[in-house]
Amino acid sequence: MDTYPITEARNKLGALARQVSAEQKHIALSDRGQTMAVLISPAELEELEYHRATAQYLARKARGETGPGVPHDEARRQVLGEAP
């Protein structure tokens with residue numbers, strides 16, 4: 001993972017963002033030698049959020065906190081606003 005001081009990254013932000021998107025790499029932004037943020041692609045963020053949501057659901061399920069659920073047809077109707 002490449003690291004850039006925030007002051008340097010500010011001048012290269014467009015190029016760094018394109019590099020992250022095209023190459024699926026991470027770029028760390030530092031301030032006074034400490035990593036403050038990491039640039040990742042939107043696709044990787046979506047994947048990370050999916051895995052986190054899945055892990056949270058499985059933890060709730062293991063604790064018995066998920067309830068009975070909603071049948072697929074009912075969920076689809078609610079999401080898409082279809083008539084019953």
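In this predicted model, the glutamate E44 is buried and yet takes part in no salt bridge, since the nearest side chain of opposite charge, that of K25, is 12 Å away. E44 is found in helix α2, which covers residues 42–62. What joins the side chain of E44 to that of H26? The two side chains are joined by a polar contact of 2.9 Å. The backbone nitrogen of E44 also has a polar partner, for a polar atom of the side chain of S41 lies 3.1 Å from it.

S41 itself is found in the loop between β3 and α2, and with a relative accessible area of 2% it is buried, because a residue counts as buried when that area is under 20%. When neighbours within four places in sequence are left aside, S41 is in contact with V20, S21 and Q24.

Q24, one of these contacts, sits in the loop between α1 (6–23) and β2 (27–31), where its relative accessibility of 45% makes it partly exposed. Its phi is near 50 degrees, a positive value in a residue that is not glycine. Most residues other than glycine have a negative phi. R32 is another residue other than glycine with a positive phi, in this case near 55 degrees. R32 is exposed, with a relative accessible area of 82%, and its place is in the loop between β2 and β3 (34–39).

The strands on either side of R32 belong together: β2 and β3 form a hairpin with two residues between them, and R32 lies in the turn. The two strands run antiparallel and are joined by five bridges, and D31 has Q34 in β3 as its bridge partner.

The largest nonpolar core consists of six residues, namely Y4, A9, L16, V20, I27 and L29. The elements that give two or more residues to this core are α1 and β2, and the largest share, three residues, comes from α1. Within this group, L16 touches Y4, A9 and I27, and it also touches L39, if residues up to four places away in sequence are not counted.

How many salt bridges does a search of the whole structure find? The search finds four, among them the three in the table below, where each distance is that between the N and O atoms.

| Acidic residue | Basic residue | N to O distance |
|---|---|---|
| D2 | K25 | 2.8 Å |
| E8 | K12 | 2.9 Å |
| E65 | R63 | 3.0 Å |

The pair D2 and K25 ties together parts that are 23 residues apart in sequence, because D2 lies in strand β1 (residues 2–5) and K25 in the loop between α1 and β2. Both ends of this pair are partly exposed, D2 at 31% relative accessibility and K25 at 22%. E8 and K12, by contrast, are four residues apart in helix α1, so they are separated by about one helical turn; E8 is partly exposed at 33%, and K12 is partly exposed at 34%. In the remaining pair of the table, E65 is partly exposed at 48% relative accessibility, whereas R63 is exposed, with a relative accessible area of 52%.

Helix α2 also holds Q56, which is partly exposed, with a relative accessible area of 43%. Q56 and G67 are 11 residues apart in sequence, and their C-alpha atoms are 14 Å apart in space.

Terms used: Residues numbered from 1 in each chain as written. Predicted model: local features only at pLDDT ≥ 70, side-chain atom pairs only at ≥ 80, totals over all residues. Heavy atoms only, no water. Buried < 20%, exposed > 50% of the residue type's maximum accessible area, 1.4 Å probe, protein only. Lys, Arg positive; Asp, Glu negative; His and termini not counted. Polar contact = N/O pair within 3.5 Å; in protein donor to acceptor, adjacent residues only side chain to side chain. Pairing = 2+ DSSP bridges. Core = buried A, V, L, I, M, F, W, Y, C linked by side-chain atoms within 4.5 Å. Contact = heavy atoms within 4.5 Å.
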